Amino acid sequence: MRVLHTADWHLGQHFLTGQERTTEQQAFLDWLLRTVQAQAVDVLVIAGDIFDTQSPSYTAQELYYTFLVKMQATGCRDIVVVGGNHDSPTMLNASRQLLRRLRIHVVGGVPTDPAEQILSLSAADGRPGLVVCAVPFLRDRDIRLAVPGETLDDRQLRIRQSIADHYAALAAHDAVLRLREQDVPVLATGHLYAAGGEAREGAERDVHIGGLGLVGAEHFPAAFDYVALGHLHRPQLVGGRAHIRYSGSPVPLSFTEANDKQQVLLLEFEGAGAPVITPIPVPVTRRLQRFHGTLEEVEADILAYDNAAFEHVAWADVLVRSDETPAEVQRRVQAVLQLQKQQVIAPKGVRHQRATEVPDLAEAAIPLALLHELTVDEVFGRRVAGLPPERAAALTATFRELRQLLGEGDPQAWNGEAS
């Protein structure tokens with residue numbers, strides 16, 4: 001069995017001041033169709049965050065459904081789609097019965113019957129070729145997070161154990177055990193922040209209430225020959241174990257991902273046991289570039305930047321550290337950006353920091369001019385910065401729990417940005 005693991009498409013993402021990613025995401029999906037066919041892939045696994053919001057636009061949904069239809073001509077027999085924390089389980093599941101007719105298996109949220117998470121997929125000869133334990137993002141109602149009066153440490157232990165128990169129950173299911181005895185490999189999915197994984201600041205850390213890095217490699221049962229993870233956008237192993245992996249996002253989604261290597265993962269199973277794993281690089285059509293430094297360094301770097309290898313003009317994050325006046329910094333940097341407008345643009349504008357530190361008479365205050373650059377969590381973090389660590393941690397956990405609960409009720413109201 002040949003399986004392709006991908007995740008974190010975030011279809012419909014709007015970048016910074018509103019630039020859409022449709023052309024880049026369409027280019028990835030077109031490339032993925034060609035790759036699935038060229039590599040004779042039997043099963044495509046998408047490990048969550050298919051969409052960027054729980055209410056995706058018509059354009060984003062059209063990308064998704066058009067891709068699924070075109071997949072029917074590639075020779076790939078099965079597609080497995082699990083929901084991520086950005087996805088709406090209801091929205092994904094709405095079409096699951098119809099898509100099942102096309103051998104597209106959708107698990108948007110945890111079903112009432114655990115057996116619905118266990119998929120037996122056939123090989124080319126019709127015999128069982130792969131078992132998939134299709135685990136989506138586990139929400140609070142799935143792992144019973146609310147226990148009055150418990151300490152933060154108790155909460156950490158209980159949530160970790162609840163997630164581990166969920167995977168253990170699937171690994172011990174009769175259907176899994178029976179097929180494993182027949183030398184059928186077992187693959188599990190997940191959409192979570194595993195301990196030891198390198199997360200970006202902000203939303204990647206907040207996948208579980210309190211932003212806790214909960215499960216480690218040891219919490220995934222040995223019965224799983226491969227664990228296909230989503231949520232962290234940088235490709236990486238968990239706990240140094242080659243068979244527990246994040247595929248990463250195929251399109252860079254923020255400037256913090258500017259230096260990541262976008263990829264999908266090809267898995268080749270020869271019966272039960274760890275697969276042979278081959279990363280396949282994803283072509284990037286738009287570069288996200290950072291220009292940080294002194295005024296002279298930024299000017300020189302922008303003038304020297306060559307975007308010839310990429311299809312679209314690069315988007316740049318520009319930060320200048322200089323004691324020149326803001327007006328002078330803006331004038332000089334905008335001048336070189338104008339010269340390079342066919343190569344690179346700066347959607348966020350030019351940010352300016354003083355090179356010489358100026359004493360802050362109100363260290364605890366948040367400069368109003370910077371509020372638009374802070375996330376909700378960063379603002380809250382500054383508010384509790386002076387409290388004892390245990391008190392600050394407890395308040396932060398409660399705040400994030402409220403954010404998640406409110407976000408499920410109105411996803412547009414809590415998008416991670418300060419207002």
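Here's a quick briefing on the fold, one sheet, two unusual backbone spots and the cysteines of this protein. Keep in mind that you're looking at a predicted model. The chain folds into 11 helices and 18 strands, and 51% of its 419 residues count as buried.

**Overall picture**

- Take the contacts between residues at least 6 apart in sequence: 71% of them join residues that sit at least 24 apart.
- The protein's accessible surface adds up to about 19,500 Å². Carbon and sulfur atoms account for 53% of that area.

**The six-stranded sheet**

- One open sheet has 6 strands with mixed pairing, and if you walk across it you meet β6, β5, β4, β1, β13 and β14 in that order.
- The edges are β6 and β14 (276–281), each of which pairs on one side only.
- From one strand to the next, the twist averages 20 degrees.
- At the β14 end, β13 (residues 263–268) runs antiparallel to β14, and the two are paired over 6 bridges.
- If you want a spot to find that pairing on screen, look for E268, whose bridge partner in β14 is V276.

**Two residues with positive phi**

- As background, most residues other than glycine have a negative phi. The two residues below go the other way, with positive values at A40 and R103.
- A40 has a phi near 50 degrees. You'll find A40 in the loop that links α1 (22–38) to β4 (43–47), and β4 is one of the strands in the sheet above.
- A40 is partly exposed, because its relative accessible area of 46% falls between the 20% cut-off for buried and the 50% cut-off for exposed.
- R103 has a phi near 60 degrees. R103 also sits in a loop, this one between α4 (96–100) and β6 (104–107), and β6 is an edge strand of the sheet.
- R103 counts as partly exposed too, with a relative accessibility of 36%.

**Cysteines**

- How many disulfides does the structure hold? The count is 0.
- C76 is buried, because its relative accessibility of 11% is under the 20% cut-off.
- C133 is buried as well, at 0% relative accessibility.

Methods. Residues numbered from 1 in each chain as written. Predicted model: local features only at pLDDT ≥ 70, side-chain atom pairs only at ≥ 80, totals over all residues. Heavy atoms only, no water. Helix = DSSP H or I, 4+ residues; strand = E, 2+ residues; numbered from the N terminus. Buried < 20%, exposed > 50% of the residue type's maximum accessible area, 1.4 Å probe, protein only. Contact = heavy atoms within 4.5 Å. Areas by Shrake-Rupley, 256 points an atom, 1.4 Å probe, with all protein chains shown as cover. Pairing = 2+ DSSP bridges. Axes fitted to C-alpha atoms, helices over the stretch in contact; angles between N-to-C directions. Disulfide = S-S within 2.5 Å.
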